[in-house]
Amino acid sequence: MKRPGVRLTGIAGLMAMAFAPCGFSVHAQTPVDAAIPLRMDTSLNLLTRAPSIVLPGTSAATSPGAGQGDPLPLSINIQEPGSTSCRDLSPAMLKRLTLMDTVQYVMCKTPLYNQAVLLVDEQQAGVDLARSAYRPRMSANAELATNRIPLSNSGSGSLSASGTGSLGVSWVLFDSGVRDANLEQSRQTLSSARAAQQNAALNAINEALRLYVEAAAALSRLEALRETEAVARQSVQVAQAKYDAQVASLSEKLQTQTALAQAVLDRVRGEGVWETARGALAVGMGFPVAVDLELAPLSEAFPAGGGRRFDAAWMESTRLDHPRLRGARADVLALKSRLDSVRAEDGVSVSLALGAGSTRDFSVRNGRADNSVSGSVVASIPLFNKVEQQAREGQILAQIGSREEAIIQAEREVESELWRNIKLLETEGQNLEAATVLLSSANQSYRITLGRYKAGVGSILELIATQVALAGARSQLAQARISQAQARLRLEVAAGRIVLSK
């Protein structure tokens, strides 16, 4: 039976695109247990592997976890992380590589994220193990014994054989809350592992962002340097024509040739920086360093933002739901459950044991089997272990206090990081506006100066000065565009809630 698919927003969407095989869609994962007090939305549940919910041939629908007003990305599929069949990037995609493609492939290949996924699997198994403590334990035993007494001076030897079979059942009826505390501890540890998995996803996204931005900045600078070289070559042609017409001096021609040589030198250096950044990006994506890789134009390279309002309410919500803080709080709750378990171990426990067995002596002809049935109720009360109990409780209480102080420090760091990135985004937006105005003015100034020089009323020094200013303005605009996109994405990463659209 087919189930409707789910559109993924946020980090889950990025990861789902990264691990997309053919013909498999992802669905919202069922919570581990209805009683688990986890602060999770649908997108976070999708961070964990759940093979039971991967169905072939499903269609897309709206995710219940998507925030109102958030843009929905394209319908996407999911695959187990660490698989050798990550979604292949075609040569055409490598020729127009976007940030989204980079994030998908880096996350599919990163060992740290795969390790976090396996840790979630481990903690899920721990929850199942804690649940099994509520069930009775059954055992079956079979024994075949032989005894041979060799021939001796005192008499003839003998041989005897017997067989025994038994069934047993043991069941803990009451344990003062030890099993409840252990189960709650396992649940909170699972919650912490899921938060750690989301942190690993954020780190992978941040690394992909760093590699891509470095490559995009190098490429943008290289393109600006190439344009600068073209402008310098045009100035050389104008100066040469005026020199041939004997209306310009040799000094003017040589100055333009010197400016062209400097532009060529800068362009060669820029090509070296671009090749270095391109190779680092290729290696980070798991490709050979010499792979033929090119970036998409800047207008296509970066995804659109989620259109959020970064106000005080948003900051407070982010501070409460940040994966780093959620994981730290889950660690504290797990320790508190461990403390409850230790205290419960000092209480009474009652267990039931039932058994049935049969023994037969094969050395006696037509021997009958001896059957037996047993049952017992055992009550256990710890005595004279108060010192040990207090020491264990004191150890756990100290760990809880340490973790709570760490939460306070983490809250401060998260709030400071959010504020810094918000202000950085505002600054980069203003820089982009100023760089746009600067380029427009530099273009106009260069055209006017070039016309004046052609008309013989401008100097070569004035032309070269406006040429340098135009090159600087182009470079600054390209860098401002990249810096503004990077600041916006870094704020999304710092908030732990990626909402991007293609």
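Which helix is Gly279 found in? I looked this up before anything else, and Gly279 is found in helix α7. I keep in mind that this is a predicted model.

**Entry: Gly279**

I checked the accessibility of Gly279 and got 5% relative accessibility, so Gly279 counts as buried. I then looked at its distance to Leu211. Gly279 and Leu211 are 68 residues apart in sequence, yet their C-alpha atoms are 9.8 Å apart in space.

**Entry: the chain as a whole**

I noted the overall figures before going on. The chain has 502 residues, and 42% of them count as buried. I find 12 helices and six strands in the chain. For the accessible surface I have about 26300 Å², with 55% of that area belonging to carbon and sulfur atoms. I also looked at contacts between residues at least 6 apart in sequence; 81% of these join residues at least 24 apart.

**Entry: Thr256, also in α7**

I stayed in helix α7, where Thr256 lies. Is Thr256 buried or exposed? Its relative accessible area is 2%, and because buried means under 20%, Thr256 is buried. Leaving out residues up to four places away in sequence, I find Thr256 touching Ser235, Val236, Ala239, Ile460 and Ile464. I also took the C-alpha distance from Thr256 to Leu461: the two are 9.0 Å apart in space and 205 residues apart in sequence.

**Entry: salt bridges**

I searched the whole structure and found 22 salt bridges. Side chains of opposite charge can pair when their charged atoms come close. I looked at three of the pairs in turn.

The pair Asp128 and Arg131 forms a salt bridge, and the closest N and O atoms are 3.6 Å apart. Both residues are in helix α5 (residues 111-132); they are three residues apart, so about one helical turn separates them. I checked how open each one is. Asp128 is partly exposed at a relative accessible area of 37%, and Arg131 is partly exposed at 22%.

Next I took Glu184 and Arg187, which form a salt bridge with the closest N and O atoms 3.8 Å apart. Both lie in helix α6 (residues 178-244), three residues apart, which is about one turn of the helix. Are Glu184 and Arg187 buried or partly exposed? I find Glu184 partly exposed, with a relative accessible area of 21%, whereas Arg187 is buried, with 10%.

The third pair is Arg226 and Glu271, whose side chains meet in a salt bridge at 3.8 Å, N to O. This pair links distant parts of the chain: Arg226 is in helix α6 and Glu271 in helix α7 (residues 250-284), 45 residues apart. Arg226 counts as partly exposed at 40% relative accessibility, and Glu271 counts as partly exposed at 27%. I followed the shared partners from here and found one network of salt bridges joining Arg226, Glu229, Arg233, Arg267 and Glu271.

**Entry: α5 against α6**

How do α5 and α6 pack? I get an angle of about 170 degrees, with the axes 9 Å apart. Angles over 145 degrees count as roughly antiparallel, and α5 and α6 are therefore roughly antiparallel to each other. I went through the residues where the two helices meet. On the α5 side they include Leu112, Tyr113, Ala116, Val117 and Arg131. On the α6 side they include Asn182, Leu183, Ser186, Arg187 and Ala201. Arg131 and Arg187, listed among these residues, are the ones I had already noted as salt-bridge partners of Asp128 and Glu184.

**Entry: α11**

I looked up two residues in helix α11. Gln389 is found there, and I count Gln389 as buried, with a relative accessible area of 4%. Leaving aside neighbours within four places in sequence, Gln389 is in contact with Val342, Arg343 and Asp346.

Glu428 lies in the same helix, α11 (residues 386-454). Which side chain of opposite charge is nearest to Glu428? I find Arg420, 9.3 Å away. A salt bridge needs the nitrogen and oxygen within 4 Å, and Glu428, though buried, has no salt bridge. Not counting residues up to four places away in sequence, Glu428 touches Ser483, Gln484 and Ala487.

How values were computed. Residues are numbered from 1 along each chain as its sequence is written. This is a predicted model: local features need pLDDT of at least 70, side-chain atom pairs count only at pLDDT 80 or more; totals for chains, interfaces and linings use all residues. Side-chain values use heavy atoms; hydrogens and water are left out. Helices (H or I, at least four residues) and strands (E, at least two) are DSSP runs, numbered from the N terminus. Buried means under 20% relative accessible area, exposed over 50%, partly exposed in between (1.4 Å probe, protein chains only). Lys and Arg count as positive and Asp and Glu as negative; His and the chain ends are not counted. Contact means heavy atoms within 4.5 Å. Accessible areas come from the Shrake-Rupley method with a 1.4 Å probe; for residues, only the protein chains shown count as cover. Axes are lines fitted to C-alpha atoms, for helices over the stretch in contact, and angles run from 0 to 180 degrees between N-to-C directions. Angles under 35 degrees count as roughly parallel, over 145 as roughly antiparallel, 65 to 115 as roughly perpendicular and the rest as oblique.
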